[in-house]
Amino acid sequence: MIIILFGAPGVGKGTQAKLLQERKSFRHLSTGDLLRSAIKNNTDLGRLAKSFMDKGELVTDDVVIGLVREVISHSPNESFILDGFPRTHAQAVALDVMLAEIGTGISNVINLMVPDEEIIHRLSQRRVCVTCGATYNLLANAPKKEGICDACGSEVVQRDDDSVETIRKRLALYLDKTAPLLNYYRITGKLAELDAVGDIEAINSELVQLLVKVG
Ligand code: AMP
């Protein structure tokens, strides 16, 4: 079973995917996290990806598709929540092909909707733990001790691509390359839309209801 959490950067895909992973038997698969881990490990792929990510650009389709194929093909019976993938038409087609190869398919695509100004506000306040990836918001959910992760005690920093200028670029790229995929999924009848402004827990309950309804 494959669920796609769809939406612009900053709508809360990662936060909701982590909650679903904790509470349901899904595995959270974030291409952004996979790429950041490659950067942290200073691999060739990580160095290549960083040059795109720091500018707010998309990493090339072949790299990202390869990463997802590697994970999914090794766990064909697992249920995944995809966060940040697919982001282009080529990625959506490649996903359909790799899922058909392992005899599974997409059960739900949930589009999380948040206005752009709210996204810019959220992302510019976002901080992440350098070690465990826990996410904070300085206004809504700040770490208890400034700059220190509640979960693991490591440093909490702003992502390089969360500057206002880069956020605007990422939003423009989302409109141009990723939002058109909504039509690709709408015609499959698997797309549902969710207003993702407000309380994280309330949004999660609605999300679970949608999965029950459609899935
Ligand atoms: P995210 O954590 O999903 O916001 O992703 C952070 C950055 O990683 C993006 O701005 C892109 O540079 C890169 N990235 C993540 N997922 C993809 C993808 N599916 N296709 C291309 N680039 C991606």
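Which residues in the largest nonpolar core touch the most other members?

**View 1. The largest nonpolar core of the predicted model.** This core has 55 residues, and those that touch the most other members are Ile4, Ile72, Leu82, Leu95, Ile106, Ile110 and Tyr185. Helix 4 gives the most to the core, with seven residues. Another core, of five residues, lies apart from it; Cys129, Ala134, Tyr136 and Cys149 are among them. In soluble globular proteins, nonpolar side chains tend to be buried together.

**View 2. The surroundings of Ile72.** Leaving aside residues up to four places away in sequence, Ile72 touches Leu29, Phe80, Leu82, Leu95, Leu99 and Ile102.

**View 3. The open sheet of five strands.** The strands follow the order 2-3-1-4-8, and their pairing is parallel. Strand 2 (27–30) and strand 8 (191–195) are the edge strands, each pairing on one side only. From one strand to the next, the twist averages 25 degrees.

**View 4. Strand 1 beside strand 4, with helices on the sheet.** Strand 1 (residues 2–6) and strand 4 (residues 106–113) run parallel and are joined by five bridges. Ile4 has Val109 in strand 4 as its bridge partner. Helix 1 (residues 13–23) lies across strand 1, strand 2, strand 3 and strand 4, and runs at about 170 degrees to strand 3. Helix 4 also packs on the sheet, where it touches strand 2 and strand 3; its direction makes about 165 degrees with that of strand 2.

**View 5. Ser79 in a loop.** Ser79 is located between helix 4 (61–74) and strand 3 (80–83). Ser79 counts as buried because its relative accessible area is 17%, and buried means under 20%. Not counting residues up to four places away in sequence, Ser79 touches Met1, Ser25, Phe26 and Arg27.

Key: Residues are numbered from 1 along each chain as its sequence is written. This is a predicted model: local features need pLDDT of at least 70, side-chain atom pairs count only at pLDDT 80 or more; totals for chains, interfaces and linings use all residues. Side-chain values use heavy atoms; hydrogens and water are left out. Helices (H or I, at least four residues) and strands (E, at least two) are DSSP runs, numbered from the N terminus. Buried means under 20% relative accessible area, exposed over 50%, partly exposed in between (1.4 Å probe, protein chains only). Contact means heavy atoms within 4.5 Å. A nonpolar core is a set of buried Ala, Val, Leu, Ile, Met, Phe, Trp, Tyr and Cys residues joined through side-chain atoms within 4.5 Å. Two strands pair if DSSP finds at least two bridges between them. Axes are lines fitted to C-alpha atoms, for helices over the stretch in contact, and angles run from 0 to 180 degrees between N-to-C directions.
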